[in-house]
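Got your viewer open? Let's walk through this one selection by selection, starting with the sheet.

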Amino acid sequence: MQNAGNRIRQLQNQLKPDTMTTQYTLFDIPTNSTPPRSWSPNVWNARGVLNYKKVTYETEWVEYPDIRVRLAELGIPSKGGLMPYTLPMMRVTITPTDGSEPQIKYLTDSADIAKYLNDNHPEPPIDFDSPITGEAVKVFNENLMDAFVGLVLCDVDLSLPERSAAYFHETRPKWMMMPIKEFKQKKLNEGAWEKMEKGMKVLADFIGKNGGPFVQGEKVSYGDIRLLGYLMWAREAGPRDVWEKIEGWGGEVLQRFMKAFEENGALSRITY
Ligand SMILES: N[C@@H](CCC(=O)N[C@@H](CS)C(=O)NCC(=O)O)C(=O)O
């Protein structure tokens, strides 16, 4: 699937733009709200780019236990291991206007989807080349991931529909090597709240280092999108008090960061 983006680009280059139409479908995991909301940090890496670029797309909601069934049915190869099929996935349907058969491709990793969209929809640009993306992910992983796992991930089931929550309870203890409740308690004992407070201050310093609203100042990089994804995970699927604390500790820098993404359209579509 790695080269699916390239193959589609080749095809698009062969065809003149007015001789085909392109449709996108984003496969996403729903919350239990009506309408469902997008909450997964990985999916937000793709959805954030679609929204920011104002690309037209539709969403197909797939509950956790149905991901492998739906993707296998569409002919997607298994990745093996504990998570053989994952979302986000994006279907690209290219329909030639001469009536010949549509070409369908599936992109099955958030980074591939984001890159594909940036290559095919250059405006507004997202900086993918700067080392800032790697730095942003590193800052998050080193300072906040552990706290997010304890305070956000462990309670995600509260925001999921019943069957997805049951799947979560069945699968996650296998990674955690213990029941979710015990794992959360372990993270609390290891100082999850203190780590969250400290980590959010480090993150705010990092985001604000060029004057904000984004890490490089005015220019949006894929690193900003990745950070947005993690924050949306907490905002949309974490307990309310955790998000309120995160907002407080992120301070004015975080407020400006989220507001800038509201204003540039990246958060314009959450439910469809
Ligand atoms: N590298 C992948 C990771 C995606 C991923 O881990 N997705 C999770 C949802 S957040 C998933 O689909 N899990 C399926 C499962 O747990 O069975 C990407 O970013 O696209």
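Before we click on anything, one bit of bookkeeping: two strands are said to pair if DSSP finds at least two bridges between them. Also keep in mind that this is a predicted model.

**Stop 1: the S3/S4 pair.** Select residues 89-96, which make up strand S3, and add S4. The two run antiparallel and are joined by five bridges. Want some individual rungs? Ile94 has Gln103 of S4 as its bridge partner, and Arg91 sits opposite Tyr106, also in S4. Now follow the chain through the hairpin between S3 and S4: there are six residues between the strands, and Gly99 has a positive phi near 90°.

**Stop 2: the other side of S3.** Bring up residues 20-28, strand S1. S1 and S3 are antiparallel too, with eight bridges joining them. To see one, pick Phe27 and look across to Met89, its bridge partner in S3.

**Stop 3: the whole sheet.** Zoom out until you can see four strands, in the order S2-S1-S3-S4. The sheet is open, and its pairing is mixed. At the edges are S2 (58-61) and S4 (103-107), each pairing on one side only. Going from one strand to the next, the twist averages 25°.

**Stop 4: the ligand.** Which residues are around the ligand? Select Ser40, Asn42, Tyr64, Ile67, Met83, Thr86, Leu87, Pro88, Asp109, Ser110 and Thr171. If you colour this shell by residue class, you get five nonpolar, five polar and one charged.

**Stop 5: H10 and a glycine.** Keep Asn42 on screen and add Gly229: their C-alpha atoms are 6.7 Å apart, although 187 residues separate them in sequence. Gly229 is in helix H10. Is Gly229 buried or exposed? It counts as buried, because it has 20 C-beta neighbours inside 10 Å, and the cut-off for buried is 20 or more.

**Stop 6: the core.** Finish with the largest nonpolar core, a set of 65 residues. Ala46, Val49, Met90, Phe148, Val152 and Leu228 have the most contacts inside it. Helix H10 (residues 222-237) supplies the largest share of this core, 10 residues. Try colouring by domain here: domain 1 (4-120) and domain 2 (132-263) each contribute at least three residues to the core.

Notes:
Residues numbered from 1 in each chain as written. Predicted model: local features only at pLDDT ≥ 70, side-chain atom pairs only at ≥ 80, totals over all residues. Axes fitted to C-alpha atoms, helices over the stretch in contact; angles between N-to-C directions. Near = placed C-beta within 6 Å. Nonpolar A, V, L, I, M, F, W, Y, C, P; charged D, E, K, R; others polar. Core = buried A, V, L, I, M, F, W, Y, C linked by C-beta atoms within 7 Å. Buried ≥ 20, exposed ≤ 12 C-beta atoms within 10 Å, placed from the backbone. Domains from an automatic or database assignment.
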